[in-house]
Amino acid sequence: MTPKARGRRRKANQGLDEPGGAWLDGVAQDASAAAGGVPVELLGDFLPLLADAAASGRRPRRSELEAVEALGRRAAELGVSAGSAVQLYLSASWRLWRELPVVVRSSDSEVVRAAAEAVLHVVSDAVAILADGYNSARRQMVRREETLRRELVDDLLRGDSDVGGIVERAEPFGLDLARPHQVALAAPHRRLPDVDAATSSLERIVLDSLGDRDVLVATKDGLVVVLAPGESEALGRTDLGSLMLAELDRLPRGRPWQVAVGRAYPGSYGIARSYEEAREALTMASRLHLDTQVIRAEQLLVYRVLVRDQPAIVDLVNAVLGPLENARGGAEPLLATLETYFATGDVATETARQLHLSVRAVTYRLGRIKTLTGYDPTDPAHRFTLHATVLGARLLGWPGKSPQ
């Protein structure tokens, strides 16, 4: 800019710093209203910085940009959206430009061009660093919230004794612990190196179906954990386990998934109880070689009865199935034959198909079991004892380890 143009620019800017800066306050208030009521305080010294750039062409100092970055962090902490924060700054910028003396009073295109260039530089720098501050604060808040959520889920599932503290910590996550809640656990076929993708996908579908109240989705010990209301009309006829399985089966990894759902109970201790039921259901399903993809805790109550009196079931397994260990090849082939035979409704041909044996081989094994144990698998009078004992053996891990 020539010395003559600079002189005209100074003359055009006379009155820029009028006492009280009332015109800047008016610009700030109008910009705040246009941005949906975003607090004026988030502008800080941005408007004087723009006015100074228009008057002198000065670029912002590092300390001034750091102040704008801090305002971006403050916007995130106040819950202002990134779009609203940027809108506040852009709205303030064009409103200030419209009232700048250098624009209003000057007919010199060079003066106006120089002022516009200086203002645009400030707007560009300020909005960029405002967004950086905002994103930095959001990342910190997300990490902090994720940590708090994981700690809350761990304490809820453990049944933390500090009920008052749990209730207070649960409130920001929308949990009303007076209501009944149920816990569902999803186990992948193989342990996933990164279970976050499954969690994110599941969180979207669960929140869409149940809303963001009384719902938490997290991970624990390689399992996906869903905490949900015990009764929800939002699901209609679809239960929580089926909803989770339908979404997880869409993922490229982890199939086939197995989902266990505990029963619903009220209170913080009810959540821990539901979790224990779901976890026990997964353990029982694994020991019993159940391939059912959605397991409900109430469906396995009979197995809990079997293992509740462990000394009795140990005695039963030793007394009834113990002689199978004397068979050639050990007890496992005969036990597997019994297990499959009962699972197929006592159909030898289907048992042979599933075990990849001939029907004759299956018949031979059933005969050996009768000879060794004294119990005939084909006799309805003996079937209940044998079937209950086979289930007990699987729950105890026999014959892999001796029952005791």
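This passage describes the nonpolar cores, strand pairing, helix packing, aromatic pairs and salt bridges of a predicted model.

The largest nonpolar core of the model comprises 54 residues, and those with the most contacts inside it are L152, L156, L175, V183, L185, Y303 and L321. The element that gives the most to this core is helix α11, spanning residues 267-287, which supplies seven residues. A second core, separate from the one just described, has 39 residues, among them W23, V38, L100 and A118. In soluble globular proteins, nonpolar side chains tend to be buried together. The surroundings of V183 can be given in detail: when residues up to four places away in sequence are not counted, V183 touches L157, V225, V226, L227, A260, V261, G262, I271, S274, Y275 and A278.

Two of the residues touched by V183, namely A260 and V261, belong to strand β4, which covers residues 258-261. In β4, Q258 and A260 point one way whereas V259 and V261 point the other way, and all of these residues are buried. Such a pattern can be set beside a general feature of strands, in that the side chains of a regular strand alternate between the two faces of the sheet. Strand β4 pairs with strand β1 (residues 180-187) in the antiparallel sense over four bridges, and within that pairing V259 of β4 stands opposite A186. The pairing of β4 with β6, by contrast, is in the parallel sense and runs over three bridges, with I295 of β6 as the bridge partner of A260.

Helix α2, formed by residues 22-34, contains 13 residues and reaches 18 Å from its first C-alpha to its last, which is close to the 18 Å expected at 1.5 Å a residue. Its buried residues are W23, L24, V27, A28, A31 and S32, and W23 is also included in the second nonpolar core. An α-helix has 3.6 residues a turn, so residues three or four places apart point the same way. The buried residues of α2 pack against helices α3 (46-56) and α5. Helix α5 consists of residues 82-99 and contains S91, a residue that counts as buried at 6% relative accessibility. Leaving aside residues up to four places away in sequence, S91 touches A31 and A34. Just after α2, G36 takes a positive phi of about 90°.

Two aromatic pairs were counted in the model. In one of them, F46 and Y89 form a tilted pair, with 4.6 Å centre to centre and 40° between the planes. This pair links distant parts of the chain, since F46 lies in helix α3 and Y89 in helix α5, 43 residues apart, and both F46 and Y89 are buried. The rings of Y341 and F342 have their centres 6.0 Å apart and their planes at 55°, so this pair is likewise tilted. Y341 is buried, with a relative accessible area of 6%, and F342 also counts as buried, at 5% relative accessibility.

The count of salt bridges comes to 21. One of them joins the side chains of D239 and R296, with a distance of 2.9 Å from N to O. Because D239 lies in the loop between β3 (223-229) and α10 (240-248) and R296 in strand β6 (residues 294-296), this salt bridge ties together parts that are 57 residues apart in sequence. D239 is partly exposed, with a relative accessible area of 26%, and R296 counts as partly exposed at 22% relative accessibility. A salt bridge is also formed by the side chains of E332 and R394, at 3.0 Å from N to O, and it links distant parts of the chain, with E332 in helix α14 (residues 332-343) and R394 in helix α17 (residues 380-396), 62 residues apart. Here E332 is partly exposed, with a relative accessible area of 35%, whereas R394 is buried, with a relative accessible area of 8%. In a further salt bridge, the closest N and O atoms of D376 and K370 are 3.9 Å apart; D376 counts as buried at 16% relative accessibility, while K370 is partly exposed, with a relative accessible area of 44%. Finally, D52, R58, R61 and E64 are linked in a network of salt bridges.

Note on methods:
Residues are numbered from 1 along each chain as its sequence is written. This is a predicted model: local features need pLDDT of at least 70, side-chain atom pairs count only at pLDDT 80 or more; totals for chains, interfaces and linings use all residues. Side-chain values use heavy atoms; hydrogens and water are left out. A nonpolar core is a set of buried Ala, Val, Leu, Ile, Met, Phe, Trp, Tyr and Cys residues joined through side-chain atoms within 4.5 Å. Buried means under 20% relative accessible area, exposed over 50%, partly exposed in between (1.4 Å probe, protein chains only). Helices (H or I, at least four residues) and strands (E, at least two) are DSSP runs, numbered from the N terminus. Contact means heavy atoms within 4.5 Å. A salt bridge is a side-chain nitrogen of Lys or Arg within 4 Å of a carboxyl oxygen of Asp or Glu. Two strands pair if DSSP finds at least two bridges between them. The expected span of a helix is 1.5 Å times one less than its number of residues. Rings of Phe, Tyr and Trp (its six-membered ring) pair if their centres lie within 6.5 Å; planes under 30 degrees apart count as stacked, over 60 as edge-to-face and the rest as tilted.
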